[in-house]
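Me: I'd like a close look at a single part here, not a tour of everything. Can you walk me through one strand and what sits around it?

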Amino acid sequence: MATKKLILPSSRDIPFNKLVLSQSNVRRIKSGLSIDELAEDIARRGLLQGLNVRPVVDEGGKETGMFEVPAGGRRFRALEALVKAKRLNKTAPVPCIVRDADSDILAEDDSLAENTQRAALHPLDQFRAFQTLREKGQSEEEIAAAFFVSVNIVKQRLRLAAVSPKLLDLYEQDEITLDQVMAFTINPDHDRQEQVWQALESSWSKEPYQIRRMLTETTVRASDKRAVFVGLDAYEEAGGTILRDLFQSDDGGWLQDAALLDRLVAEKLKTAAEEIAEEGWKWVRLDVTMPYDAAYGLRRIDGEPVDLTKDEQAQIDSLETEYAKLEADYAEAEELPEEVDERLGEIETALEAFAARPVIYDAQEIARAGVFVSIAGNGALVVERGYVRPEDEVTDEPDGDDAGNAAGTDTAHRGTTISVGGETPEDEEDDGIKPLPDRLVSELTAHRTLALRDAVAENPHVAMTALLHKLVGDAFGTYAASAGCLEASVRHVHFSAQAEDLADSSSSKAIEARHEAWQADIPADDQARWDWIDALDHASRSALLAHCVSFGINALHEKVDRYGAGLSQAGLERRLGQANRIAGAVKLDMIDAGWKPTVDNYLGRVTKARIVEAVREGVGEQTAQLIDHLKKGDMAKEAERLLADSDWLPEPLRSGEIDDPAAEADNDEGEALPEFLADDEDASAEDGEAEPEAMVAAE
């Protein structure tokens, strides 16, 4: 028996005014339907798909000449909008597929089938279609206008289409996700994209953030102070490439050529130094980050700010008056209006600019003094003029062996020595839970010492207790005068080893601000200073005492000299024990003090086992297992991200961790300190560092 052949419904053009929307159309919810956009698209390219219609019959079953539209209602409404806007004639012929009025197929059936049986376009097909349109000459703006999307969406689709074909094939086969493809768009290098995937495909964890991190691991963030200092435009003009993430906030992107950036930073710093050298200074020291206490032991010369002109003084008076008025007008407001808050910020900036006007120094002082030049955390150039080294106080003769110069390249500029500081490379460590390197412990305890100083300065009661405790010990001979936590002479303890971020820590900034505030009030003359102190009220005297006492705080862990020439084991134990006691009294919390574990200050300086241990303690065993297969560099970066919001601290920064170790030990062998402080000759040798001379305030 022959198979019956299908007969398709006929199609014909029907005037629009003969069409009505059927009540059998199953699409009832109109929210989200972009009728206007579809109307514009029809106006641009015409109707791509006809309407499905049925004759309207009267009560007797006779056709009336009208046709209802059960399938294609959205297109009908778009045509209706064009007719109402007089952009389409109401009798314009509309291509239609006509179903018999007595068809066995229900109108609702046709409407439902049209909306459910169509296959959505695979995203990859859309990406490639946009790419084809671009290759055939359409601009991104034209594509965006044609498909009623933003230009940024077009850029995103084009970027996705530009990912390695091998990875797109995997996406087509559902072996990688769209989020993973988005992550690969950061770096346009197909070879690098494929290398990263090869490194991750055998891992059960292939999160997009891991892909982004691996694709940018050798780059520098655009928010890095070096990038801000140089400027992204200057970097790009020099041939540098900036990687951007079109799918997430990327904080300005990543600078791909770190070496080029460092060269541009050095050149810009050198140019600034040469301009400053023209002023006649004896030396200029440059560094990306100036170490904390770089000016320790140097005398700061005074200068006179340039006199204000009458116009400038008038501007200052006007700004201060406006500021005071705005503050008074909104004193009772719970929240300042945005425009008022913005204006107050503008006034503050303008007044700060007047306050930071140039300072005039004595020419003879300039000839013996120098300048520190560095980069602030926000990328601004920091110039600190007027520091005299002790050796320059006696003679003005040039000294080729400037003790204050940092290790690096020195260049003479018309009698000015420009010193470019160098950076100490960090050594790789073997795996295993090994004692922390002495230098790292010193850097960590330098952070703790600074935070402890700040806390003591804010607590006069503890400061007075610590001072009396030291004086009683000295007066009544309860223990040796050396190696205590507090040096009663209040000699500023210098940090021989310090992390790069120490100078930018919140403790450092708080101490500096407090010191500058007191210094501005303290008279230079000795008798006048006595009279000024004598006249202080009790609260001010207590605050000043606490500030001064805090500078004697020494919570540093330093190398013990087993032969008795330097710091003894007993002295170290006493110092750390007293430091813990004071830390407890002021309730010191290094988390509150702003310390967080980073690749630079801890994670990149310890073994893989210690990194995993840190994540296990800070976040949990399950999270630690996510990174235990990574290489050390990747592991350290990932651990920094995972620990960012935790309260984890390394042992030297925990309250009570550096407690008095057991007191019984052979004097020749030294004391068995906690594991992280235990002497490890092999680790020291691996560090490749000569032990710096222990710099203690008094021994």
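Which residues point one way from S13, which point the other way, and are they buried or exposed?

Reply: Keep in mind that this is a predicted model. Gly370, Phe372 and Ser374 point one way from S13, while Val371, Val373 and Ile375 point the other way. As for cover, all of them are buried. In a regular strand, side chains alternate between the two faces of the sheet. S13 spans residues 370–375, and 6 of its 6 residues are buried, so the strand is mostly covered on this count.

Now for the neighbours. Strand S9, residues 283–286, runs parallel to S13, and 4 bridges join the two. If you want a spot to click on, valine 284 stands opposite valine 371 in S13.

S13 also pairs with strand S14, residues 381–388, this time in the antiparallel sense and over 6 bridges. Here phenylalanine 372 stands opposite glutamate 384 in S14. S13 and S14 make a hairpin, with 5 residues between them. In that turn, have a look at glycine 379, which has a positive phi of about 90°.

For another bit of strand pairing, go to the open sheet of 3 strands in the order S6-S8-S7, where the pairing is antiparallel. Its edge strands are S6 (220–221) and S7 (242–243), each pairing on one side only. S6 and strand S8 (residues 254–255) pair over 2 bridges, and valine 220 stands opposite leucine 255 in S8.

If you'd like a helix to set beside the strands, try H7, residues 165–172, where Leu167, Leu168, Leu170 and Tyr171 are buried. Seen down the axis of H7, its buried residues fall within an arc of 155°, so they line one face of the helix. They pack against helices H4 (123–135), H6 (151–161), H8 (178–184) and H9 (190–200). After H7 comes aspartate 174, with a positive phi near 60°.

One last thing for the bench: a search of the whole structure finds 0 disulfides. As for cysteines, cysteine 96 counts as buried because its relative accessibility is 2%, under the 20% cut-off. Cysteine 548, with a relative accessible area of 34%, is partly exposed.

Methods:
Residues are numbered from 1 along each chain as its sequence is written. This is a predicted model: local features need pLDDT of at least 70, side-chain atom pairs count only at pLDDT 80 or more; totals for chains, interfaces and linings use all residues. Side-chain values use heavy atoms; hydrogens and water are left out. Buried means under 20% relative accessible area, exposed over 50%, partly exposed in between (1.4 Å probe, protein chains only). Two strands pair if DSSP finds at least two bridges between them. A disulfide is a pair of cysteine sulfur atoms within 2.5 Å. The arc is that of the directions from the helix axis to the C-beta atoms. Contact means heavy atoms within 4.5 Å.
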